[in-house]
Amino acid sequence: MSGYPFRIGKSDKLKGVCYDIRGPVLREAHRLEDEGHRVIKLNIGNPAPFSFEAPEELLQDVIHNLPDATGYCHSKGLFPARKAVMQYSQTKGIQDVSVDDIIIGNGVSELIVMAMQALLNNGDEVLLPAPDYPLWTAAVRLSGGNPVHYLCDEKQDWHPALDDLRSKITDRTRALVIINPNNPTGANYDRALLEDMLQIAREHNLIVFADEIYDKILYDEEKHTSIASLADDLLFITFNGLSKNYRAAGFRSGWMIISGAKHLAESYIEGLEMLASMRLCANVPSQNAIQAALGGYQSIDDLVAPDGRLCRQRDIAWNMLSAIPGVSCVKPKSALYLFPRLDPKVFPFQDDEAFALDLLREEHVLIVQGTAFNWPDPDHFRVVFLPRVDDLEDSIGRIARYLDRIRKK
């Protein structure tokens, strides 16, 4: 007898862990492409395929330093990169941050998993927004914790519902995750709301994890406030990186900033440093882009200006989606996405993944169903507005055509 006499299964630690942005619907899109069909992808915030190019000075710094980037670096990251992040944190108003308080990672995704693994014991709870960026939920589960989702209120520009947030806190709650600017809704939280959320964290001794990867992608003169700039009596871990603001997602270069009540978290910080050392270091060549990115000309400002490409495409996508009978959408103030609602009286979908698959097969448009972002009801979906205007208008026109057929059935 050859081979194993049993089936090899995945670890129990992966139960409940999912990332449907790259799940079954995307696999079906790949199958259609293999058959020769052209699929318009509105599923992922990956700027490069849509001709959003990284600033040239980033590329030049990576190329120039490549001969010296073939070995490991400090486990926390290159000193010039961490110093640039430290200086950036100062411009955001985050106080008392040193170079040693910054850890560079292979994208924010790696750092989120590290932050959860260093913190959570089995059964510990983490408060996450609904809808959320699903990696957060997956990282909590993978680390043995229980994700608990507090609702964001669509009628209030997708701001967190504070009463619901308070009701979800138990004696096992360890941390509060705030995704601001928000993916998938495009909400940008004002200072007063952030202060209210801080007070809740303060009352329950919660760590605050702040995902701020879209902090420069703001429209209509919106301003972003880093929540870690508003207090120093709580522990804050702030995440950011090159993927979105600098259109360098493939560089996989992000960072976490540890600030606030560090004196109360020496053991936890030691755990973060241990995990950083275990993976030896983050990608060294791409770290050479961080200083140029943070210290150079901020070309993202041109893209989000009223006549900039991102702002114009947001407006086109929002107007077209809002014009579809039975569809409503809060206009995003930030980020790269829209999260439209399908009126259940008009579109009584019970399975939004099936809706996404059906749309893909009939119209060759790839979107992500709302429940993939841990939204509780099958009545939303997310689209990115990165494609150029022709493709954007074509794809949303196809969505409208598909929904019109459903509505008339």
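This report describes the overall form, the main sheet and selected strands of a predicted protein model.

## Overall architecture

The predicted model contains 14 helices and 15 strands. Its radius of gyration is 21 Å, close to the 22 Å given by the globule rule for 409 residues, so the protein is as compact as a globular protein of that length. The C-alpha trace spans about 65 × 60 × 50 Å along the principal axes of the protein.

Of the 409 residues, 58% are buried. Among contacts with a separation of 6 or more, 74% are between residues 24 or more positions apart.

## Surface and charge

The protein exposes about 17,800 Å², and carbon and sulfur atoms supply 49% of that area. There are 44 positive and 57 negative side chains in the protein. The centres of these two sets lie 4 Å apart.

## The eight-stranded sheet

Eight strands form an open sheet with mixed pairing, in the order β2-β9-β8-β7-β6-β3-β4-β5. The edges are occupied by β2 (102-105) and β5 (159-160); each has a single partner strand, so one side of each is left without a neighbour in the sheet.

Within this order, β8 stands between β9 and β7. Strand β7 (residues 207-211) pairs with strand β8 (residues 235-241) in the parallel sense, over four bridges. Val 208 has Phe 236 of β8 as its bridge partner.

## Thr 238 and its surroundings

Strand β8 also holds Thr 238. The relative accessibility of Thr 238 is 3%, under the 20% limit, and the residue therefore counts as buried.

Leaving aside residues up to four places away in sequence, Thr 238 touches Ile 94, Ala 210, Glu 212, Ala 228, Trp 255, Met 256 and Ile 257. One of these contacts, Ala 210, falls within the residue range of β7, the strand that pairs with β8.

## Strand β15 and its partners

In a regular strand, side chains alternate between the two faces of the sheet. Strand β15 (residues 381-384) has Phe 381 and Val 383 pointing one way, and Arg 382 and Val 384 pointing the other way. All four of these residues are buried, Arg 382 included.

Strand β15 pairs with β11 and with β14. Strand β11 (residues 337-338) runs antiparallel to β15 and is joined to β15 by two bridges; here Tyr 337 stands opposite Val 384. Strand β14 (residues 368-369) likewise pairs with β15 in the antiparallel sense over two bridges, with Gln 369 opposite Phe 381.

Methods. Residues are numbered from 1 along each chain as its sequence is written. This is a predicted model: local features need pLDDT of at least 70, side-chain atom pairs count only at pLDDT 80 or more; totals for chains, interfaces and linings use all residues. Side-chain values use heavy atoms; hydrogens and water are left out. The radius of gyration is taken over C-alpha atoms; the globule rule is 2.2 Å times the number of residues to the power 0.38. Buried means under 20% relative accessible area, exposed over 50%, partly exposed in between (1.4 Å probe, protein chains only). Contact means heavy atoms within 4.5 Å. Accessible areas come from the Shrake-Rupley method with a 1.4 Å probe; for residues, only the protein chains shown count as cover. Lys and Arg count as positive and Asp and Glu as negative; His and the chain ends are not counted. The place of a charge is taken as NZ of Lys, CZ of Arg, CG of Asp or CD of Glu. Two strands pair if DSSP finds at least two bridges between them.
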